[in-house]
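Here are some friendly notes to read with the structure open beside you. Take the points one at a time, and find each residue on screen as you go.

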Amino acid sequence: AERELLRVCGDSLSLHAEVLSFTRMAHRALKECGLGGKKFLDGGGRALCMALALDAVGSRLKVYSAARRQTAIAESLLSAIDELKSCCVSPEALERCAQNRSDSFGDKLMDISLIFSAYNAICAKSALDPSDRLGLLAENFHKSSFAGKRIFIDGFTDFTAQQRDIIAAMLRSGCAVTAGLLVDGVL
């Protein structure tokens with residue numbers, strides 16, 4: 001995208017614009033806001049936090065009680081937590097959904113809610129989960145040097161809930177936002 005932008009607009013554009021992903025923008029903005037010094041977990045740290053979370057709530061689990069002994073299940077739970085965070089679904093929301101069901105799916109939702117809460121609590125004591133980075137950007141966007149700037153968004157067919165929250169934060173902070181969206185079958 002950077003090469004294409006420079007090809008179309010010329011070399012002098014690099015003085016006035018840059019191409020950033022949401023994640024790269026989050027790295028920069030969080031550093032500016034004083035959150036860049038916070039440690040983010042790596043893959044091993046995330047796996048350890050998940051193991052600790054599973055140990056903490058293991059006796060209360062109905063569906064995922066074997067997860068403590070099976071690495072593959074713990075990894076899939078981490079993936080599920082990443083997806084839930086990208087969709088801005090909280091452990092409390094899962095718990096409310098679980099309470100409205102009296103079947104095995106409700107048990108599964110309750111287990112995931114318990115694991116998710118325990119995982120967040122353990123991360124809060126050690127380091128930040130990298131899947132929280134975009135949420136932190138949305139919360140702190142107004143403090144960053146990006147606030148009030150012209151922002152162009154291109155190359156997306158859809159947005160995660162976290163990305164939509166960032167776009168909303170951009171608009172609240174006075175950014176002029178222009179988005180070009182990809183749509184199948186439209187020229």
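1. Let us begin with a term. A residue counts as buried when its relative accessible area is under 20%, as exposed when it is over 50%, and as partly exposed in between. Ser-90 has a relative accessible area of 25%, so it is partly exposed. Please keep in mind throughout that this is a predicted model.

2. Now place Ser-90 in the chain. Ser-90 sits in the loop that links helix H4 (71-86) to H5. Ala-138 is 48 residues away from Ser-90 along the chain, and 16 Å separates the C-alpha atoms of the two.

3. Cys-88 deserves a look as well. Cys-88 also belongs to the loop between H4 and H5. Its phi is positive, about 60 degrees, although Cys-88 is not a glycine. With a relative accessibility of 42%, Cys-88 falls between the two cut-offs and therefore counts as partly exposed.

4. Next, step back into helix H4, where you will find Lys-85. Is Lys-85 buried or exposed? Its relative accessible area is 8%, so Lys-85 is buried. Leaving aside residues up to four places away in sequence, Lys-85 touches Phe-116, Tyr-119, Asn-120, Asp-129, Ser-131, Asp-132 and Gln-162.

5. Turn to the pair H5 and H6. How do helix H5 (residues 91-99) and helix H6 (residues 104-126) cross? Their axes come within 8 Å, and the crossing angle is roughly 160 degrees. Because of that angle, H5 is roughly antiparallel to H6. The crossing of H5 and H6 is left-handed.

6. Which residues make this contact? On the H5 side they are Pro-91, Leu-94, Glu-95, Cys-97, Ala-98 and Gln-99. From H6 come Gly-106, Leu-109, Met-110, Ile-112, Ser-113, Phe-116, Ser-117 and Asn-120. Sorted by class, the contact of H5 with H6 has 8 nonpolar, 5 polar and 1 charged residues. Phe-116 and Asn-120 may look familiar, since Lys-85 of the earlier point touches them too.

7. A second helix pair is worth comparing on screen. The axes of helix H7 (residues 133-140) and helix H8 (residues 161-172) come within 8 Å and cross at roughly 15 degrees. H7 and H8 are therefore roughly parallel to each other. H7 passes H8 in a left-handed crossing.

8. Here is who meets whom in that pair. Leu-134, Gly-135, Leu-137 and Ala-138 of H7 are in contact with Gln-162, Gln-163, Asp-165, Ile-166, Ala-169 and Arg-172 of H8. By class, the contact of H7 with H8 holds 5 nonpolar, 3 polar and 2 charged residues. Two names return here: Ala-138 was paired with Ser-90 for the C-alpha separation of 16 Å, and Gln-162 is among the residues that Lys-85 touches.

9. Finally, the cysteines. How many disulfides are there? The count is 0. Cys-123 is in no disulfide, and the nearest cysteine sulfur, in Cys-49, is 4.2 Å away. A disulfide needs two cysteine sulfur atoms within 2.5 Å. Cys-123 is buried, because its relative accessibility is 6%.

10. Why does Cys-175 have no bond to Cys-33? The closest cysteine sulfur to that of Cys-175 is in Cys-33, and the 13 Å between them is too far for a bond. Cys-175 has a relative accessibility of 7%, so it counts as buried.

Technical notes:
Residues numbered from 1 in each chain as written. Predicted model: local features only at pLDDT ≥ 70, side-chain atom pairs only at ≥ 80, totals over all residues. Heavy atoms only, no water. Axes fitted to C-alpha atoms, helices over the stretch in contact; angles between N-to-C directions. Helix = DSSP H or I, 4+ residues; strand = E, 2+ residues; numbered from the N terminus. Parallel < 35°, antiparallel > 145°, perpendicular 65-115°, else oblique. Left-handed = near helix turned anticlockwise from the far one by under 90°. Contact = heavy atoms within 4.5 Å. Nonpolar A, V, L, I, M, F, W, Y, C, P; charged D, E, K, R; others polar. Buried < 20%, exposed > 50% of the residue type's maximum accessible area, 1.4 Å probe, protein only.
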